[in-house]
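Reader: I've got a new model open and would like to learn how to read it feature by feature. Could you walk me through it?

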Amino acid sequence: LVENKVKLDFDEATLQEAAAVGERGVDPADFAGREDLRDWCIFTIDSKDAKDLDDAISVKRTDFGYTLGVHIADVSHYVKEGSAIDEEAINRGTSVYFADRVIPMLPEVLSNGACSLNAGTDKLAFSALIELDKEGHITKYDFKKTIINSKVRGVYSEVNEILDGTASEEILNKYAPVMESLMSAKELADILKANSAARGTMELDSGESKFILDENGICIDIMPRVSGEAEQLIEQMMIAANIASAHKLPFLYRVHGTPDPKRVEELVTLLQLVGVPCKEIVKPNPETQDFAAILDRVRGLPCETLVSQRLLRTMEKARYSTEETGHFGLALSDYSHYTSPIRRYPDTSIHRVLSAFVEGMPAEEVRRRYAQFCET
């Protein structure tokens, strides 16, 4: 923290402003112009120790396919442009996550309180309402300011037990109010995951580790971080919302460039050394499905982890841009980040631009008002 000059505390002006916003909370006056979704089967799924819950979902089967709701905390309602909170968030840029703590982008009275989509409480949200056909293709979408009330505070480990059939009666009872929505979400996620594989998205084993600390903050163990069915379910729902959010407005896109040819050559050399044929990527501009084919070829081999990690390092780092150049890793031409405004300032910025648009500001005025903002 010290080495990277991460600011640990908030100044008094920011704390006072946040306290006032948090104390006001959700006021009935805020309901005007919002769609009331409090009777929907909406729920969150996060890690057990998460406190900044910025996304919730709902899924309904329809005669034509599915209605997916991705309900994101309406952070831009609370973090007003030019406020002390906003200036502090710009300077921080993101929340910083460590093994045993979070240094939040927003004061905790907002990140864990007013903005967090805690179960059983009325919350202001910015919802992506997406219609998909039975093959998982988006046919229509809309963004609306909403009021929601999450029915269940889901936990990844518990949902994984439900999905693999090992959940206790206690867990099943907890999720009973949203079980139909959860099962529909699993069904839709499987379709979206199959579509993702069909367009060439890679299933990378990044070898990410989870550090186990004792009460004194000393690392006593290192475990592999496992991504189960529940984690992948939420990932697919968020990707769908981020695709829908990539409007043609002054905007921030999440882009992921084509790998540098020199790094591709280094990967080819490694593949030759471990005895894996690699004709698919012996070209200056490989496509996503070329990398996916390599991963399929090494799956189950002793070199799988090595190749997966080297392939990950071959790719460019994803970044934000005002130009939509596509996302190589996801094999998508249009992609943005709309789903984590509590912990990423670019997402808060995207909410601000989208809010102006859905609340009736003409597109030309949005461009005039926010183009410079997005550039900076």
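Author: Sure. Let's begin with burial: of the 376 residues of the protein chain, 47% count as buried. Keep in mind that this is a predicted model.

Reader: What radius of gyration does the protein chain have, and how do I judge it?

Author: The idea is to hold the value against what a compact globule with that many residues would give. Here the protein chain has 22 Å, which agrees with the value near 21 Å for a compact globule of 376 residues. As for extent, the C-alpha trace spans about 65 × 50 × 50 Å along its principal axes.

Reader: And the secondary structure: how many helices and strands are there?

Author: The protein chain has 13 helices and 13 strands. To see how the chain is tied together, look at contacts by sequence separation. Taking those with a separation of 6 or more, 70% are between residues 24 or more positions apart.

Reader: What about the surface: how much area does the protein chain expose, and what share comes from carbon and sulfur atoms?

Author: About 18700 Å² is exposed, and carbon and sulfur atoms supply 51% of that. For charge, you can ask where the two signs sit on average. The chain has 43 positive and 63 negative charges, and their mean positions are 3 Å apart.

Reader: Let's zoom in. Is His 256 buried or exposed?

Author: The cut-off for buried is under 20% relative accessible area. His 256 is at 8%, so it counts as buried. You'll find His 256 in the loop between strand 12 (253–255) and helix 9 (261–273).

Reader: Which residues does His 256 touch?

Author: For a list like this, set aside residues up to four places away in sequence. His 256 then touches Met 315, Glu 316, Lys 317 and Ala 318, along with Gly 326, His 327, Phe 328 and Gly 329. With Glu 316 there's also a polar detail: the side chain of His 256 reaches the backbone oxygen of Glu 316 at 2.6 Å. On the other hand, Ile 294 is 38 residues from His 256 in sequence and 19 Å from it in space, C-alpha to C-alpha.

Reader: There's a histidine at 77 too. Where does His 77 lie?

Author: His 77 is in helix 2 (residues 75–78). Its relative accessibility is 19%, so His 77 counts as buried, given the cut-off of under 20%. Beyond neighbours within four places in sequence, His 77 contacts Asp 30, Arg 34 and Leu 124.

Reader: Backbone next. What is phi of Lys 5?

Author: When you scan phi values, check the sign and whether the residue is a glycine. Lys 5 isn't a glycine, yet its phi is positive, about 55°. Lys 5 sits in the segment before helix 1 (12–24), and with 75% relative accessibility it counts as exposed. Ala 331, also not a glycine, has a positive phi near 55°. Ala 331 is in the loop between strand 13 (319–321) and helix 12 (345–358), and is partly exposed at 25% relative accessible area.

Reader: One last stop: which residues is Glu 187 in contact with?

Author: Leaving out neighbours within four places in sequence, Glu 187 contacts Arg 61 and Tyr 66. Glu 187 belongs to helix 7 (residues 179–198) and is partly exposed, with a relative accessible area of 32%. For a pair separated in both senses, take Glu 187 and Arg 313: they're 126 residues apart along the chain, with 32 Å between their C-alpha atoms.

Technical notes:
Residues numbered from 1 in each chain as written. Predicted model: local features only at pLDDT ≥ 70, side-chain atom pairs only at ≥ 80, totals over all residues. Heavy atoms only, no water. Helix = DSSP H or I, 4+ residues; strand = E, 2+ residues; numbered from the N terminus. Rg over C-alpha atoms; globule rule 2.2 N^0.38 Å. Buried < 20%, exposed > 50% of the residue type's maximum accessible area, 1.4 Å probe, protein only. Contact = heavy atoms within 4.5 Å. Areas by Shrake-Rupley, 256 points an atom, 1.4 Å probe, with all protein chains shown as cover. Lys, Arg positive; Asp, Glu negative; His and termini not counted. Charge placed at Lys NZ, Arg CZ, Asp CG, Glu CD. Polar contact = N/O pair within 3.5 Å; in protein donor to acceptor, adjacent residues only side chain to side chain.
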